[in-house]
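Here's a walk through the fold, written for someone who'd rather look at the structure than at a list of numbers. Have the sequence and the 3D view open as you read.

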Amino acid sequence: MPAQLKFKGRVYLIPLIAILLNIASCTANNRNINRVSLVGAGASFPAPLYERWLSDYNQQNPNVEINYQAIGSSAGVQQLIEGTVDFAASDVGITNEQAAKIKRGAIALPITAGSIVLAYNLTPSFQSPQANPPTSIKLSRQVYGDIFLGKITNWNHPRIAAANPGVNLPNLPIQVVHRTDGSGTTSVLTQHLSAISPEWKSKVAAGKSVAWPVGIGGKGNEGVTALIQQIPGAIGYVEYVYAKQNKLPMAALENKFGNYIIPTPKSVAQTLEAVKLPADNLIAFITDPIGAESYPIVTYTWLLTYHQYPNRVKAQALKNFIDWAVIEGQKSSLELGYIPLSPKVVIQVQSAAKKIGE
């Protein structure tokens, strides 16, 4: 072959290689755009629902992988502030002071709701044998406040018996179980206790972490649930789903109206009807509902996002997931023991979520 033809062959070959490399590069970039991974952390309250959602969503959107760690509301908000997660979850939303620390801005979206229950274990112990422990008990507002204050220390106390005529209460010491981690669940409970007990408000007050007068601690809703199961005479506060899934009895609590209410989706939904979410941040609480049939300890739980994301693909993927969660995802809420968002709240969440990445 003449040298001139060889040279021309090389000239034609070089552009062809460049074109093929460019096509390969575009294909790889498109593959990366289609595949996205998001990381979240925070409250254990909604963790069972998040687990279901993330599994269902990944089946429908296999190129989107979302991981969530239930490490407590406080730790989740802190990771959002530090920028080590793509989103967080908190049962108390986020404070103005915390949001001010996030240069990229923060958006709080109520994503589901549920109740905090007082679960207990009155199974017989070697010290207090009893053939048929009570499966349902009533606790008055003053009684469960004083139990957490350490003023009522035995299950057959006259003040407990007064609300449970005919119930064979065991002669068994009460063992309070509480959270050790910074918890939105703790904050909701202690806000309620502060609302119904002046003594609690002055001596302990409300917060995600408090100095408990009595009791032993467990980490997360899982840890508290496990301790209640293990300890005869235990009583502790957990999200409804944890008590339901582990078949723990839950006390009927006296509400502000004076009725004893068992936590059910209906009684929790009635409480939520009185909660008005402000348009500016969608965060609100009701510490002592007045409805005759309202269960007294109820809260939304919030998904926290940044306002701005350096990666637009992540921002859009998160917006897509949120839109799915408030529509399709709500269908599995009730099945697991959570309360679906009302149509009005769904519209508020969708409107706020549009600001992500804008």
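What follows covers confidence, then the sheet, then the helices and the aromatic rings.

**How far to trust it**

Keep in mind that this is a predicted model. Mean pLDDT for the protein chain is 90, with 88% of the residues at 70 or more. The weak spot is residues 1-33, where pLDDT stays under 50 and the model has 2 contacts beyond four places in sequence. Where pLDDT is low, the predicted coordinates should not be read in detail.

**The sheet**

Start with the big picture: 8 strands make an open sheet with mixed pairing, in the order β2-β1-β3-β11-β4-β8-β6-β7. The edges belong to β2 and β7 (216-218), each of which has a single partner strand, so one side of each is left without a neighbour in the sheet. On average, neighbouring strands here are turned by 25 degrees against each other, direction ignored.

Now zoom in on β1 (residues 36-42), a mostly covered strand with 5 of its 7 residues buried. β1 pairs with β2 (residues 64-70) in the parallel sense through 7 bridges, and G40 stands opposite Y68 of β2. β1 also runs parallel to β3 (residues 87-90), joined to that strand by 3 bridges; A41 has A88 in β3 as its bridge partner. Moving along, β3 meets β11 (residues 298-306) in the antiparallel sense, over 4 bridges. Here F87 is bridged to T305 in β11.

**Helices on the sheet**

Helix α2 packs on the sheet and touches β2, β3, β4 (106-120) and β11, its direction making about 170 degrees with that of β2. Helix α3 (residues 73-82) packs on the sheet too, touching β1, β3 and β11, and makes about 150 degrees with the direction of β3. As for how the chain gets from one strand to another, β1, α2 (residues 47-60) and β2 form a right-handed β-α-β unit.

Further along there's α9 (residues 220-230), whose buried residues include G220, V224 and I228. What do the buried residues of α9 pack against? They pack against β4, β6 (175-179), α7 (184-196), β7, β8 (234-239) and α10 (240-245).

**Aromatic pairs**

The count comes to 15 aromatic pairs. Two of them are set out below.

| Pair | Centre to centre | Angle between planes | Type |
|---|---|---|---|
| Y50 and Y68 | 4.7 Å | 70 degrees | edge-to-face |
| F285 and W302 | 5.4 Å | 65 degrees | edge-to-face |

Because Y50 lies in helix α2 and Y68 in strand β2, the first pair ties together parts that are 18 residues apart in sequence. Are Y50 and Y68 buried or exposed? Y50 has 4% relative accessibility and so counts as buried; Y68, at 16%, counts as buried as well. The cut-off for buried is under 20%.

The F285 and W302 pair links distant parts of the chain, 17 residues apart: F285 is in the loop between α11 (265-272) and β11, while W302 is in strand β11. F285 counts as partly exposed, at 35% relative accessibility, whereas W302 is buried at 0%.

Finally, back to Y50 and Y68: together with W53 and F87, they form one aromatic cluster. You've met two of these residues in the sheet already, as Y68 stands opposite G40 and F87 has T305 as its bridge partner.

Conventions:
Residues are numbered from 1 along each chain as its sequence is written. This is a predicted model: local features need pLDDT of at least 70, side-chain atom pairs count only at pLDDT 80 or more; totals for chains, interfaces and linings use all residues. Side-chain values use heavy atoms; hydrogens and water are left out. Buried means under 20% relative accessible area, exposed over 50%, partly exposed in between (1.4 Å probe, protein chains only). Helices (H or I, at least four residues) and strands (E, at least two) are DSSP runs, numbered from the N terminus. Two strands pair if DSSP finds at least two bridges between them. A crossover is right-handed if, with the strands pointing away from the viewer, the path from the first strand over the helix to the second runs clockwise. Axes are lines fitted to C-alpha atoms, for helices over the stretch in contact, and angles run from 0 to 180 degrees between N-to-C directions. Contact means heavy atoms within 4.5 Å. pLDDT is the predictor's confidence in each residue, from 0 to 100. Rings of Phe, Tyr and Trp (its six-membered ring) pair if their centres lie within 6.5 Å; planes under 30 degrees apart count as stacked, over 60 as edge-to-face and the rest as tilted.
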